[in-house]
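Me: Hi! I've just opened this one and would like to talk it through. Shall we start with how the chain is put together?

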Amino acid sequence: SVVFLLGSGVFIMLIIGVMLSISPLLGSKQISEYDKNSPFECGFDPMGIGHLNFSVRFFLIAVIFLIFDVEIALLLPLMVILSSSNMMIWGVLNLIFLLVLSFGVFYEWWEGALDWKI
């Protein structure tokens with residue numbers, strides 16, 4: 001048992017050593033090009049000026065999407081427990097959750113957060 005553990009440990013260390021020694025040979029970089037070595041940052045030129053005007057509206061829409069995406073993900077357990085729960089309680093919970101979600105969308109619409117202004 002101890003011999004097997006030591007033998008397997010040595011075998012694993014040997015495999016790791018071989019992989020570490022072969023890795024630089026297999027992963028060597030080819031001829032470097034400026035475009036391939038420069039980072040791509042969402043379409044912005046990384047070599048230009050550092051201060052760019054970002055649209056706050058874009059980030060607001062992204063946050064609203066994340067909030068409602070999480071709320072939609074919370075609806076999935078309601079569908080799973082449908083068969084094993086009291087239909088009256090399930091219906092009330094589902095109705096309350098959907099009303100809160102709907103009021104949230106209408107509130108965002110009323111405040112103008114969903115209007116994309118350029």
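Reply: Happy to. Among contacts in the chain with a separation of 6 or more, 54% join residues 24 or more positions apart. Keep in mind that this is a predicted model.

Me: Thanks. How many helices and strands does the chain have?
Reply: There are four helices and zero strands. Going along the sequence, the pattern reads α-α-α-α.

Me: What does UniProt list as "transmembrane region"?
Reply: The unreviewed UniProt entry gives residues 6-26, 58-82 and 88-110 under that heading.

Me: And what is the chain doing over residues 6-26?
Reply: Residues 6-26 are 100% helix and 0% strand in the model, with the end C-alpha atoms 30 Å apart.

Me: How about residues 88-110, what's the helix and strand share there?
Reply: That stretch is 100% helix and 0% strand, and 32 Å separates its end C-alpha atoms.

Me: Back to the start of the chain. How far does α1 reach?
Reply: Helix α1 covers residues 2-26, which is 25 residues. From first C-alpha to last, α1 spans 36 Å, close to the 36 Å expected at 1.5 Å a residue.

Me: Is α1 tucked away or in the open?
Reply: Largely in the open, because zero of the 25 residues of α1 are buried. Buried here means under 20% relative accessible area.

Me: What about the whole chain, what percentage is buried?
Reply: Of its 118 residues, 8% are buried.

Me: Last topic, surface. How much of the accessible surface belongs to carbon and sulfur atoms?
Reply: Carbon and sulfur atoms hold 75% of an accessible surface of about 10,600 Å².

Definitions and conventions. Residues numbered from 1 in each chain as written. Predicted model: local features only at pLDDT ≥ 70, side-chain atom pairs only at ≥ 80, totals over all residues. Heavy atoms only, no water. UniProt positions renumbered as here; feature names shortened; annotations may be inferred. Helix = DSSP H or I, 4+ residues; strand = E, 2+ residues; numbered from the N terminus. Expected span 1.5 Å × (residues − 1). Buried < 20%, exposed > 50% of the residue type's maximum accessible area, 1.4 Å probe, protein only. Contact = heavy atoms within 4.5 Å. Areas by Shrake-Rupley, 256 points an atom, 1.4 Å probe, with all protein chains shown as cover.
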